[in-house]
Structures are given as structure tokens and as C-alpha cells.
Amino acid sequence: MTGPGRMATRRVHCRINGEASAFEVAPFRTLLDALRHEVGLTGTKKGCDVGDCGACTVLVDGVPLNSCLMLAVEAEGRAVETVEGLAAPDGELHPLQRNFMRCGAAQCGFCTPGILMMAKALLAENPAPTDAEIRFGLAGNICRCTGYTKIVEAVALTAREAAAEALATAMGAKA
Ligand code: FES
Ligand code: FES
């Protein structure tokens with residue numbers, strides 16, 4: 001879109017939550033704003049908009065990033081995962097989501113999408129983290145409500161469940 005008083009937009013092609021996506025965006029727009037306004041995925045939250053709170057955390061090519069610090073045009077050709085992509089297509093919650101509910105790890109829920117995405121990345125890198133490693137991994141995600149204990153519990157429970165499931169699968173394969 002061009003014209004007097006209008007800045008040209010760019011068309012960005014990427015994958016969002018496993019699906020091919022294309023959207024028009026002003027070159028100065030952040031990925032956070034583009035996800036929320038151009039793509040219509042409002043699960044990712046804007047807390048501070050300056051990289052301090054982690055509420056806007058998404059995964060880009062599997063790496064957790066503050067989407068308020070990344071330009072939308074930089075997503076060209078990349079794979080973006082947001083909280084909307086966590087649950088299975090049939091609506092079954094991701095184990096992290098289920099355990100956040102089970103442990104009472106969300107109160108107002110504003111920080112939760114960012115923490116879930118960061119926790120997903122943390123467990124992908126370290127499937128059996130200690131509580132201290134979970135706290136360190138989530139240190140960039142601020143929660144004003146929970147006091148963090150329940151969040152750490154939920155992530156640790158998810159890790160233990162995944163380990164038990166892997167063990168059961170391995171035992172089943174041997175039987
Ligand atoms: S909104 Fe991006 S870090 Fe706070
Ligand atoms: S649950 Fe309210 S900010 Fe974390």
C-alpha cells in the first residue's frame with residue numbers, strides 16, 4: 001500500500017503454528033503487534049513492549065524470543081510458534097497447559113502465554129531440569145500474581161510426566 005502520507009507495507013510469508021501464513025505489515029511493526037493485529041492471534045501479550053517482561057515470548061525457529069523486540073518483516077521464511085499452537089488440533093491441551101491448570105500456576109493469566117512458550121523451549125533443551133534451572137530458565141518472564149512456586153511446580157511435573165512416559169514407551173518396546 002503506497003500513497004501520500006502512507007508508508008509502503010511489506011508482505012511477509014512465514015509459518016505460524018505449522019500453517020503457511022502471509023500478511024501485509026508496515027516495516028516498523030513488531031512481530032508482537034503483527035501477530036496481534038495483522039494475524040489476529042491475540043494470545044501473545046504485550047506487557048512492557050521493551051523486552052523486560054517476557055509476556056510476548058514466542059518461538060521463532062524453535063528459539064524463544066521477545067516478539068516486541070523483533071520486527072515482523074524479520075519473520076520472513078521462518079517458523080513462528082505462539083500459545084495458540086500449543087494445544088493439539090483436536091483441542092487437547094499441551095501437557096504444560098494441563099499442568100498449569102492442575103497446579104494453579106495461572107491467576108490473572110497475563111504472563112501465562114509467554115511463560116508457556118518459554119517453558120516449552122526450556123524443556124526441549126533440558127528435559128529434566130532442576131527447580132533452580134526452571135527458575136533460571138523463566139527468569140526473564142515476570143509474573144505479578146503467582147509468586148512463581150506453582151509455575152515451577154507445573155513445569156517440573158510436566159518434565160516428570162514426559163520422563164515417565166518415555167520410560168514406559170521404552171519398557172513397552174523391550175517387552
Ligand atoms: S512485551 Fe515484550 S518483553 Fe514485555
Ligand atoms: S498470573 Fe498474573 S501476571 Fe502471572
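1. How many residues lie between E1 and E2 in their hairpin, and which residue in the turn has a positive phi? Two residues separate the strands of this hairpin. The turn residue with the positive phi is Asn17, at about 50°. Keep in mind that this is a predicted model.

2. The hairpin strands run antiparallel. E1 covers residues 10–16 and E2 covers residues 19–25. Seven bridges hold the pairing together. Within this pairing, Arg15 of E1 faces Ala20 of E2.

3. E1 also pairs with E5, residues 79–81. Here the sense is parallel, and there are two bridges. Arg15 appears again: its bridge partner in E5 is Ala79. Ile16 stands opposite Val80 of E5. Arg15 thus has Ala20 as its opposite number in E2 and Ala79 as its partner in E5.

4. Now the whole sheet. Five strands make an open sheet in the order E2-E1-E5-E3-E4. The pairing is mixed. At the edges are E2 and E4, the latter spanning 63–66. Each of these edge strands pairs on one side only. From one strand to the next, the twist averages 40°. As background, strands of a sheet pair through backbone hydrogen bonds, in either the parallel or the antiparallel sense.

5. Which strands does H1 touch where it packs on the sheet? Helix H1, residues 31–39, touches E1 and E2. These are the two strands of the hairpin. The direction of H1 makes about 95° with that of E2.

6. H3 lies across E3, E4 and E5. Strand E3 spans 57–60, and H3 runs at about 40° to it. One of the strands under discussion here, E4, is an edge strand. Another, E5, is the parallel partner of E1.

7. H3 also meets a helix. H2 covers residues 95–103 and H3 covers residues 112–125. Their axes come within 10 Å and cross at roughly 125°. H2 is therefore oblique to H3. The crossing is right-handed.

8. Which residues make the contact between H2 and H3? H2 supplies Leu96, Gln97 and Phe100. H3 supplies Thr112, Leu116, Ala119 and Lys120. By character, the contact residues divide into four nonpolar, two polar and one charged.

9. To recap for the bench: H1 packs on the sheet at E1 and E2. H3 lies across E3, E4 and E5, and H3 also crosses H2 at roughly 125°.

How values were computed. Residues are numbered from 1 along each chain as its sequence is written. Chains are lettered from A and ligands numbered from 1 in the order in which they are written. This is a predicted model: local features need pLDDT of at least 70, side-chain atom pairs count only at pLDDT 80 or more; totals for chains, interfaces and linings use all residues. Two strands pair if DSSP finds at least two bridges between them. Helices (H or I, at least four residues) and strands (E, at least two) are DSSP runs, numbered from the N terminus. Axes are lines fitted to C-alpha atoms, for helices over the stretch in contact, and angles run from 0 to 180 degrees between N-to-C directions. Angles under 35 degrees count as roughly parallel, over 145 as roughly antiparallel, 65 to 115 as roughly perpendicular and the rest as oblique. A crossing is left-handed if the near helix is turned anticlockwise from the far one by less than a right angle, and right-handed if clockwise. Two residues are in contact if their C-beta atoms, placed from the backbone, lie within 7 Å. Ala, Val, Leu, Ile, Met, Phe, Trp, Tyr, Cys and Pro count as nonpolar, Asp, Glu, Lys and Arg as charged, and the others, Gly among them, as polar.
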